[in-house]
Structures are given as C-alpha cells and as structure tokens.
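Visitor: Could you walk me through this structure? I would like to start with how its elements are named.

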Amino acid sequence: MTIVIGFEGSANKIGIGIVKDGEVLSNPRRTYITPPGQGFLPSETARHHRGAILTVLREALDEARLKPSDIDCVAYTKGPGMGAPLVTVALVARTVAQLWGKPLVGVNHCIGHIEMGRLITGANNPTVLYVSGGNTQVIAYSERRYRIFGETIDIAVGNCLDRFARVIKISNDPSPGYNIEQMAKKGKQYVELPYTVKGMDVSFSGILSFIEEAAHKMLSSGQCTAEDLCFSLQETLFSMLVEITERAMASLWLSGGPDCNLRLQEMMGVMCEERGARLFATDERFCIDNGAMIAQAGWEMFRVGQITELPDSWITQRYRTTWR
C-alpha cells in the first residue's frame, strides 16, 4: 500500500490530492478568479496560492482521514506553468517533505493529466488530446515515453479562449471557457473565422488576432451577437483539434480543462464513432487542474524508484511532455 500526496499550482488553481494505490482519497482545491476583462498575473496568483495552500492541505488530510505519518511520498508540479505560482507550491511541498521526513517527486503537469485520465477511465494506451490554458498537444505512448504527434505552434487553445473572453468582458467565474461554452449554446449564426492547420500542428494566433480586432466592430454594427461569436470561435477551434487528432488515433482520451467542454466531447465523439474508435473523458473533478492528478503521477514514479533529490527540486516553466 502506497499513499502519495500531490501539490498542484501551475496556474490559477491550487489543489492538493491524496491517492492510495489507485484510489482518490481527497482532492480539494481553490481557484483564483479575477474580474471580467482581466487575466491572472503570476505574482497575484502566487499570493492567492500562498494564502490558501495550508488550508487546502488541512482539508486534504482531514478528508482522507490521514496523518502526515501515513503519507509515503510528497509529489509536486515541477512544470510547465507560471513561474511564481510554481515556485510557491514547490517551496511548500519541499518544506512538507522535509518536516514529515518523506521522499519528494517532481511531476510533469501534462503527465499528471494523462495519468489521472488513465486511472479514472481505464483507457488502455489511447491517443491523448491534451488541451489547457498553456498547452495543446496530441500525445501517444511509444517506446517507454510519451510522444507528441502534433501541437500548437504558437498559443494554446485555452489561452485563446481566455483572451477572447477578456475582449468582450466575459466573466471569469467559474472560468472563461465554461462561460463561453454556455453562451455558445445560444449562438445562431456562424461567423467565418481563420482556420489554420499545418500537418499535425495547429495555429491559434491568427484567429485570435482577427477576432480581437473585429469583435467590437461586428457587435456594435449588429452583424452578430456575443453568443454568435462564442459559437463561431468554439466551433472553429474545436474543428481544428478534431482534424489533427483524427490523423493520430485509434482510441482517444481527452485531457485538460477545456476538455470538460461538452461540445468538444460531442465533436470528438462523432469523429470516433465514424472511425470505429472509443472516446474517453472525465468530468470537472479530474479534467481541471487538481492535486490528485499530481499525486497519481507521483505514485507511478515513486513505485518505480524515481525520486527527486532536494538539490534537484527546482521548477521549470518549459517542461516537455516525455516521461512515463
């Protein structure tokens, strides 16, 4: 029996989860929410995490009904992500590991999403579409490593949605992507937007630049509604993701916060059905950044003897998806 506690704080969510041999014992988190039209700055996000992390830690232990002595290993997000929040969480994880006398494991955030998805869905060696605020990748496992078959060549799909939300002042509560999804359901008119797929890769900067420049003109002239723009942007972005994923897959697992979007799951489901493939996805408990996914990846690493020594327990904002 191995129990691992995982600390996640790479972006605007601070989460701590505890996993015991494939069972999630607890997974509390807090989200830093800014006013409409604003993003979250690294320093302010780190301040939020510092203020919440000890409360979340106590909740995780209480919910799991465990004491520090019950924990076998402390895992933390090493990267990728925002520098200041990553450092904040890494410092607490390192301190906890030393106070409790436990080994430390630095986890790749992307691998955390994948490993949690494999645990929850039971998917066997699927192709993974991993999309988040800072990442957009089509990933598969080959020769003892995760391999990236396609990805964004500029900004991530989550970042594109977030920045569009700021343009037309969509609320950040509970998240810009969720609110765009709800507004898109009311859209009636499709507005033609740039569509850029380059082989197995995608580019979102062109569509973002276009919609940032044109949105207010189209809305003020009555050419379309905000709901129409949400619908059009979502359909275009997701169609690009479906296209590059279809080229790489036999079965598919959706991973990352934007993958909670039911429209994206619907579009991927249609593509999978046409190909005779199977679609796997989880709900917002595990597709959105959380501590349990870091605990699960840490559990996988710890059981094969991977430990992060204290002098090596730094963070890196650019941490490539490679481990398994």
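Guide: Gladly! Helices (H or I, at least four residues) and strands (E, at least two) are DSSP runs, numbered from the N terminus. This is a predicted model, in which local features need pLDDT of at least 70 and side-chain atom pairs count only at pLDDT 80 or more, while totals for chains, interfaces and linings use all residues. Residues are numbered from 1 along each chain as its sequence is written, and side-chain values use heavy atoms, with hydrogens and water left out.

Visitor: Which residue with a positive phi follows α8?

Guide: Step just past the end of α8 and look at the backbone. The residue there has a phi near 70 degrees, and it is G276.

Visitor: How far apart are the end C-alpha atoms of helix α8?

Guide: The expected span of a helix is 1.5 Å times one less than its number of residues. Helix α8 has 14 residues (262-275), so it should span 20 Å. The model agrees, with its end C-alpha atoms separated by 20 Å.

Visitor: How wide an arc do the buried residues of α8 cover around the axis?

Guide: Buried means under 20% relative accessible area, exposed over 50%, and partly exposed in between (1.4 Å probe, protein chains only). In α8 the buried residues are L264, Q265, M267, M268, M271 and C272. They sit on the same side of α8, because their arc, taken from the directions from the helix axis to the C-beta atoms, is only 165 degrees.

Visitor: Which exposed residues does the face of α8 turned away from its buried side carry?

Guide: The buried side is covered by elements including β7 (127-131), α7 (226-246), β12 (252-255) and β13 (279-280), by contacts of heavy atoms within 4.5 Å. The face turned away from it carries the exposed L262, E273 and E274.

Visitor: Which backbone nitrogen does a side-chain oxygen of N261 reach at the start of α8?

Guide: N261 is among the positions where UniProt, in an unreviewed entry, places the feature "binding site"; such annotations may be inferred rather than shown by experiment. At the start of α8, its side-chain oxygen comes to within 2.8 Å of the backbone nitrogen of R263.

Visitor: Is G134 buried or exposed?

Guide: G134 lies in the loop between β7 and β8, and the UniProt "binding site" feature includes it. Its relative accessible area is 59%, so G134 counts as exposed.

Terms used. Polar contact = N/O pair within 3.5 Å; in protein donor to acceptor, adjacent residues only side chain to side chain.
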